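Work through the following exercises with the sequence and the model in view, and try each task before you read its solution.

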Amino acid sequence: MPNSRQLLLISLLLLSHPLWAQVMVKVDIPGLEKKLEDNVRLFLSIEQQKDHALMSEGRLRRLHKKAPQEIEKALQPFGYYRPEIESSLTQPVTGQWHVQYNIDPGLALPVAEFNFTLSEEMSNDPEFQQLIETLPFSKGKAFNHLKYEDFKSRLAKLASERGYFNARFIEHRVEIDLKAYSAKIHLNYDGGTRFRYGEVLLQQDVLNPELLKRYVTFKSGEPYLVNQLIDLQQALNDSDYFQSVEVSPGELKRDSHEVPITVVLTPRKRHRYSFGLGYGTDTGARTKFGWEIPRFNEDGHRINTDIKISEIGYSLGAHYRVPILNPRTDQMIYSAGRKNEKTDTSDSTVSTIGASLKHSRGEWRESISLNYQQEDFVVGDDSGQSYLLIPGINWSRTWGSNFIYTLDGLRFNLGWRGASKELLSDTDFSQLQGSIKAITSISPRNRIITRGSLGTTWTNDFEQLPSSVRFFAGGAQSVRGYTYQSLGPLNASDQVIGGKHLMVGSIEFEHSFNGKWGVALFYDAGNAIDSLSDKLERGAGFGLRWKSPIGPVRIDLASAISQDGQPWRLHINIGPD
């Protein structure tokens, strides 16, 4: 049983609880700039405690009384030292209180003097010169404590990133004169001697050190730049040789102002396997199996093989890759493969052996190739066995970022290939083909996607060309509303035999609901043709997009609007293109 003191305490609590619940407070700060209002509310005790369970009228009045001082402190970081504040506390309804503060921040404190100096080496550094151009202060401008501290932080951050490890503020002082209502800023930043790269230590025992040194873009004795270390770590990660990469500066050698760099590399497993499943209206069900040796020997050679099987055929491929010149971007690839594809318009089996050189020219990727292929083909009434030695060259470039889901980007590709009877081939041809795809964001959830492909072939013996070097159109990645490779010139038996030229274009509007689901509207036009005056087929429709756990799913319902009856066709793709 509770004693008399406990009963008294319980009674008081029960009696007072309704009083606490009845005190409701609303705080209004009209007309003040949002960033100022937000800071004022952070400083106001009455704002922070308005929902407190023990709020009472007496407590409310005490908090309201000290509010002007809190408002003044909240405005000072922004340079406002002479605000005019009108406050009111009313009770329009019993138990409900309305507090209002009308604040005129007044004139921001102007800068009377701004004395800023950098040490000589920093003053000649282009990055610091660029930072100085963004100085937030000059004589006559309003003083802002937040901008002042931010500028100091940016100075210190840039100094650390560029190797000024002894940098310090000799003077950093602000004189606030409220009588004269002005601020005087004194900043003197001494960077000291800039540190330079020392020895680069590569801690690993699986690859030739000379190969890894070609990943390092800086030399001992050059000025330290943290961005170069980040770039090195990214490049070694992208090399696919290592499970983990750690790039870090070692202990500073202050007598020589050098920074040794340590690179700790953990190799990947010797073998790697991959397996994938997908479905596409063009290909039917499809599967892929891959086997890779990412580090075949100490010189960084790698081997990868893959097997792809779908309802319309299969492909086998093996590639031996050798890093050359700049191993980040340049490699020789020796390849061999066999591919079979049977569509409604052609049946082809191609065996290929060849080599290609892939490297970068600035932002462009260039590939020079030489392939020898033997092909058995049937296209309409044309059939035969073809032997071609095909040299080729291709250039490509991609602009943009976030290639998983691009909001703004552009991809361009241009290539040439050909063959000659005088060079181990049984027919002559020359072929040029280009493609472009552009993605433009209207808003974070809306994109316009455009793409186009053009191709042309020069030959005097088109009937001898195998199906692999003829142009066809139609399908989920071409003109939707038509079956895969069903568009092209016809022979006398109304069979599609492919064309000398290709023209395809598409525009699509895509809207994303929540990042996983979306819808699309599209219009496609194009054909494989023998003459520029030939008819272009057209398709249009709508689609559903889903970023599923197994990969992107695209479902399009398209109408062949240039055909009689405008028939509809469903295009489905599950998994990467």
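**Exercise 1.** In which strand is Val-200 found?

*Solution.* The model is a predicted one, in which local features need pLDDT of at least 70, side-chain atom pairs count only at pLDDT 80 or more, and totals for chains, interfaces and linings use all residues. Residues are numbered from 1 along each chain as its sequence is written, and side-chain values use heavy atoms, with hydrogens and water left out. Strands here are DSSP runs of E with at least two residues, and helices are runs of H or I with at least four, both numbered from the N terminus. Val-200 lies in strand E7, which covers residues 196–203.

**Exercise 2.** Decide whether Val-200 is buried, partly exposed or exposed, and list its contacts.

*Solution.* Begin with the cut-offs: buried means under 20% relative accessible area, exposed means over 50%, and partly exposed is in between, with a 1.4 Å probe and protein chains only. Val-200 has a relative accessible area of 23%, so it is partly exposed. Next, take a contact as heavy atoms within 4.5 Å; leaving out residues up to four places away in sequence, Val-200 touches Phe-218, Ile-261 and Val-263.

**Exercise 3.** Describe the chain as a whole, beginning with how many helices and strands the chain has.

*Solution.* The chain has ten helices and 25 strands. Its radius of gyration, taken over C-alpha atoms, is 36 Å, whereas the globule rule (2.2 Å times the number of residues to the power 0.38) gives 25 Å for 577 residues, so the chain is more spread out than a compact globule. Finally, the C-alpha atoms fill a box of roughly 105 × 70 × 65 Å along the principal axes, and 40% of the 577 residues count as buried.
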